[in-house]
Amino acid sequence: MPSYVALLSVAGFAGAVIAAVYAASVLVAPRTVESAPFLSGGSPREHAVSRYHVRWYTVSMLFLAFDMEMVFMYPWALVVASVGVKAVVEMFLFLALLLVGVLYAWREGALRWV
């Protein structure tokens with residue numbers, strides 16, 4: 001059997017499953033306007049595209065900074081023994097740079113919620 005036949009059959013099966021899920025959604029979904037897809041069907045208290053407070057953006061940027069820290073620390077932990085002292089120094093410089101960013105955000109009041 002040529003390889004493209006197997007690929008096309010898997011793609012056809014995936015398309016059939018997707019079409020079946022959409023068909024089931026059309027058949028089962030409620031038709032009333034009062035049921036919303038959020039809040040478990042309850043009516044919302046504010047508009048869906050309401051604005052967030054500007055402090056959320058700062059918190060999310062700090063989260064992304066520490067998320068990137070973990071992205072870089074995992075591969076570093078795998079190779080630190082083979083690279084040696086140079087890798088340890090580089091990681092501490094990277095962590096110091098992140099600490100400077102957190103201290104700056106703290107000084108500017110980004111972590112103060114009130």
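Guide: Let us begin with the word we will need most: a residue is buried when its relative accessible area is under 20%, exposed when that area is over 50%, and partly exposed in between (1.4 Å probe, protein chains only). By that rule, 9% of the 114 residues of the chain count as buried. Please keep in mind that this is a predicted model, in which local features need pLDDT of at least 70 and side-chain atom pairs count only at pLDDT 80 or more, while totals for chains, interfaces and linings use all residues. Residues are numbered from 1 along each chain as its sequence is written, and side-chain values use heavy atoms, with hydrogens and water left out.

Visitor: What makes up the secondary structure of the chain?

Guide: There are 3 helices and 0 strands, in the order α-α-α along the sequence. Helices (H or I, at least four residues) and strands (E, at least two) are DSSP runs, numbered from the N terminus.

Visitor: How do you know that the span of α3 agrees with its number of residues?

Guide: The expected span is 1.5 Å times one less than the number of residues. Helix α3 (residues 85–107) has 23 residues and should therefore span 33 Å; its end C-alpha atoms are 33 Å apart, which agrees. After α3 comes Gly 109, with a positive phi near 85 degrees.

Visitor: Which residues of α3 are buried, and what covers them?

Guide: The buried ones are Ala 87, Met 91, Leu 98, Val 102 and Ala 105, and their cover includes α2.

Visitor: Why is Leu 98 called buried?

Guide: Its relative accessible area is 15%, and the cut-off is under 20%, so Leu 98 qualifies. Leaving out residues up to four places away in sequence, Leu 98 touches Ala 65 and Glu 69; contact means heavy atoms within 4.5 Å. Leu 98 also lies 9.4 Å from Leu 62, C-alpha to C-alpha, although 36 residues separate them in sequence.

Visitor: And Leu 95, also in α3: why is it called partly exposed?

Guide: Leu 95 has a relative accessible area of 24%, which is neither under 20% nor over 50%, so it falls in between. Its contacts beyond four places in sequence are Glu 69 and Met 73. The C-alpha atoms of Leu 95 and Phe 66 are 9.7 Å apart, with their positions 29 residues apart along the chain.

Visitor: Glu 69 keeps turning up. Where does it lie, and how do you know that it has no salt bridge?

Guide: Glu 69 lies in helix α2. A salt bridge needs a side-chain nitrogen of Lys or Arg within 4 Å of a carboxyl oxygen of Asp or Glu. For the buried Glu 69, the nearest side chain of opposite charge is Lys 86, 20 Å away, so the 4 Å limit is not met. Setting aside neighbours within four places in sequence, Glu 69 contacts Phe 94, Leu 95 and Leu 98.

Visitor: How many salt bridges does the structure hold, and what makes them up?

Guide: There are 2. One joins Glu 90 and Lys 86 at 4.0 Å, N to O; both lie in α3, 4 residues apart, about one turn of the helix. The other joins Glu 108 and Arg 107 at 3.1 Å, N to O.

Visitor: What makes Lys 86 and Arg 107 exposed?

Guide: Lys 86 has 57% relative accessibility and Arg 107 has 60%; the cut-off is over 50%, so both count as exposed. Their partners are partly exposed, with Glu 90 at 45% and Glu 108 at 47%.

Visitor: Which residues form the nonpolar patch on the surface?

Guide: Tyr 52, Val 54, Trp 56, Tyr 57, Val 59 and Trp 113, together with about 700 Å² of accessible area. Patches take residues with over 30% relative accessible area and no salt bridge; nonpolar side chains (Val, Leu, Ile, Met, Phe, Trp, Tyr) are joined within 5 Å, like charges within 9 Å.

Visitor: How do you know that Tyr 52 and Val 54 are exposed?

Guide: Tyr 52 reaches 60% and Val 54 reaches 57%, so both pass the 50% mark. Tyr 52 sits in the loop between α1 (3–28) and α2 (54–83), whereas Val 54 belongs to helix α2. The C-alpha atom of Val 54 is 9.7 Å from that of Ala 110, 56 residues away along the chain.

Technical notes: Areas by Shrake-Rupley, 256 points an atom, 1.4 Å probe, with all protein chains shown as cover. Lys, Arg positive; Asp, Glu negative; His and termini not counted.
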